[in-house]
Amino acid sequence: MAPVRIPRPVLWLLLAIFAVANMVTSTSDLNMFVGIGFGLAALACAAALIQQHYAQRRG
């Protein structure tokens, strides 16, 4: 099964949304695990962008 490739603009948009959501939840009184979830989602988007960058450089 081939991996799903998400277009870069979508990953950048999701990264920005998750980063802002992480900042908002970090400064509010929401549950700590909500902020951790947004932080992990932002980290996953950043990792996917890095992986796509290196895959494009090689190929």
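In the predicted model, the buried residues of helix 2 are Gly-35, Ala-42, Cys-45, Leu-49 and Gln-52. The cover over these buried positions includes helix 1, which runs over residues 8-27. Helix 2 itself comprises the 27 residues 32-58. At 1.5 Å a residue, a helix with this number of residues should span 39 Å, and the C-alpha atoms at its two ends are 39 Å apart, so the expected and the modelled spans agree.

The start of helix 2 is marked by a polar approach from the preceding residue: a side-chain oxygen of Asn-31 comes to within 3.2 Å of the backbone nitrogen of Phe-33. Phe-33 also belongs to a nonpolar surface patch, together with Met-32, Ile-36, Leu-40 and Leu-43. The accessible area of these residues together is about 560 Å². Within this patch, Leu-43 is a residue of helix 2. Its relative accessibility is 55%, and Leu-43 therefore counts as exposed, the threshold being over 50%.

Among the buried residues of helix 2, Gln-52 was examined individually. Its relative accessible area is 5%; Gln-52 is therefore classed as buried, since the limit is under 20%. When residues up to four places away in sequence are not counted, Gln-52 touches Arg-5, Ile-6, Arg-8 and Leu-11. Of these partners, Arg-8 and Leu-11 fall within the residue range of helix 1, 8-27.

Two residues of helix 1 illustrate opposite classes of accessibility. Thr-25, located in helix 1, has a relative accessibility of 8% and is accordingly counted as buried. Setting aside neighbours within four places in sequence, the contacts of Thr-25 are Leu-30, Val-34, Gly-35 and Phe-38. One of these partners, Gly-35, is itself listed among the buried residues of helix 2. Leu-13 also lies in helix 1, but with a relative accessibility of 54% Leu-13 counts as exposed.

The separation between Leu-13 and Gly-35 was also computed. These residues are 22 positions apart along the chain, and their C-alpha atoms are separated by 18 Å. The pair thus joins an exposed residue, Leu-13, with a buried one, Gly-35.

Terms used:
Residues are numbered from 1 along each chain as its sequence is written. This is a predicted model: local features need pLDDT of at least 70, side-chain atom pairs count only at pLDDT 80 or more; totals for chains, interfaces and linings use all residues. Side-chain values use heavy atoms; hydrogens and water are left out. Helices (H or I, at least four residues) and strands (E, at least two) are DSSP runs, numbered from the N terminus. The expected span of a helix is 1.5 Å times one less than its number of residues. Buried means under 20% relative accessible area, exposed over 50%, partly exposed in between (1.4 Å probe, protein chains only). Contact means heavy atoms within 4.5 Å. A polar contact is a pair of N or O atoms within 3.5 Å; within protein, one must be able to donate a hydrogen and the other to accept it, and residues adjacent in sequence count only if both atoms are side-chain atoms. Patches are made of residues with over 30% relative accessible area and no salt bridge: like charges are joined within 9 Å, nonpolar side chains (Val, Leu, Ile, Met, Phe, Trp, Tyr) within 5 Å. Accessible areas come from the Shrake-Rupley method with a 1.4 Å probe; for residues, only the protein chains shown count as cover. A salt bridge is a side-chain nitrogen of Lys or Arg within 4 Å of a carboxyl oxygen of Asp or Glu.
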